[in-house]
Amino acid sequence: MINKKGIEFSFNWIFSIVVGIVVIFLAIYAANSFIKTERTLQDTETVQQLQTLLNPLQTSIESTTKPSNIIFPREVKLMTQCIASTGMGEQKITLSSKNNIGGEWSSVSFSNKISSYLFMESTVQGKQMHVLVAPFYMPYKVADLVILWSTNYCLVNAPQNVKDELQILNASGVIFADSKLKCSSNSNKVCFLNSPSDIDEGCEIKVNTYLKQVRSTGKLVYYEGSLLYASIFSNADIYECNVKRLASRTKELANLYSQKSILLGDKSNCGGALAPILNNYANIVSIKDSRDLSNVMTQSNDIKKQQEDLLCALWK
């Protein structure tokens, strides 16, 4: 004879277990959703703080007041993709934060259009990151270069002007040495070759200052002015892409200064004669890669000299 009380007890027990499992599952799901939402909120706030840094005032003359490092509340991973195919291009930046709760890494991405030029490796990871903001002129101020890295760099036989500029720009995470052997083992070693007779010590990154070349990971790029620092700390592909973006911005600014020159006219030697020169400059500022920088800079220097002869300047 079947014991109805036993069946009822077993059913109630099984039902309680099923309900308990459902309740636990819903609680875990709700907790995970809450954690995910909170992490997304925190990462979004971090991205907004980073975005503020990545958009320095392009018309600012003084760049040395920028912070020398960024300290995040937890370890982050920054990745960037540079696009130069249209207009003045853009950079897409992804930030992932590390957290042992709710999965190891979260991810928030945002598009950083036109207003800043971020030079870095394709992926930079750490809780503290070094930042250098350097103005770039060709011949007028084109933009502030934002250069980011998370590991230490050892610059071997760097010329005095490089040491002075990095000090003025408040660069951190950089040490100087007169030999590769004096660099720490965990630093990225950068050898400067300042003349054809200099000995190559076999650093990972080699800077040839008399040819204005930087070789890293088998790739060769060229630099002018403050792009020297961008070429040292940046991935070659990101560097080349941003050089093209800078050239596009240079062209647009040349057109604007040309219009300003026309408005000023020739009164009091205020530069009306520069309008056709700037128009021509805008037409030749076309860069396939960084190898073309030297030709553009030659034209830039000629315009700079003519600007210096004016009683009232088109730019400062």
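**Surface, sheet and helix packing in the predicted model**

The protein chain exposes about 17100 Å², of which carbon and sulfur atoms supply 56%. The structure described here is a predicted model, and its chain averages a pLDDT of 80, with 71% of the residues scoring at least 70. A low-scoring stretch deserves a word at the outset: over residues 57–65 the pLDDT is below 50, and in the model this stretch has 19 contacts beyond near neighbours in sequence.

As for overall architecture, the protein chain contains six helices and twelve strands. Of its 316 residues, 43% count as buried. Among contacts in the protein chain with a separation of 6 or more, 60% are accounted for by residues 24 or more positions apart.

A good place to begin the tour is the open sheet of six strands, whose order is β8-β7-β9-β10-β11-β12 and whose pairing is mixed. Its edges are formed by β8 (174–177) and β12 (219–222), each of which pairs on one side only. From one strand to the next, the twist averages 20°.

Within this sheet, β7 and β9 run parallel and are joined by four bridges, with Cys154 standing opposite Lys189 in β9. On to β10 (residues 205–208): this strand pairs with β9 in the parallel sense, again over four bridges, and here Cys191 stands opposite Lys206 in β10. Strand β9 itself is mostly covered, as five of its six residues are buried. The antiparallel sense appears between β11 (residues 213–216) and β12, which pair over four bridges; in this pair, Gln213 stands opposite Tyr222 in β12.

Helix α2 (residues 160–168) lies across β7 (153–156), β8 and β9 (188–193), and runs at about 160° to β8. The loop between β7 and α2 holds Asn157, a residue other than glycine with a positive phi, near 60°. Asn157 is partly exposed, its relative accessible area being 31%. A positive phi, near 50°, is also found at Thr217, likewise a residue other than glycine. Thr217 belongs to the loop between β11 and β12 and, at 73% relative accessibility, counts as exposed.

Another backbone feature worth a look is the cis peptide bond that joins Met138 and Pro139, with omega at about -15°. Pro139 lies in the loop between β5 (123–137) and β6 (141–149).

Turning to the helices, α5 (residues 274–284) offers a clear example of sidedness. Its buried residues are Leu274, Ala275, Leu278, Tyr281 and Ala282. Seen down the axis of α5, these buried residues fall within an arc of 120°, so they line one face of the helix. This pattern is in keeping with helix geometry: an α-helix has 3.6 residues a turn, so residues three or four places apart point the same way. The buried residues of α5 pack against α4 (236–264) and α6 (293–308), whereas the face turned away from the buried side carries the exposed residues Pro276 and Asn283.

Notes: Residues numbered from 1 in each chain as written. Predicted model: local features only at pLDDT ≥ 70, side-chain atom pairs only at ≥ 80, totals over all residues. Heavy atoms only, no water. Helix = DSSP H or I, 4+ residues; strand = E, 2+ residues; numbered from the N terminus. Buried < 20%, exposed > 50% of the residue type's maximum accessible area, 1.4 Å probe, protein only. Contact = heavy atoms within 4.5 Å. Areas by Shrake-Rupley, 256 points an atom, 1.4 Å probe, with all protein chains shown as cover. pLDDT = per-residue confidence, 0-100. Arc of directions from axis to C-beta. Pairing = 2+ DSSP bridges. Axes fitted to C-alpha atoms, helices over the stretch in contact; angles between N-to-C directions.
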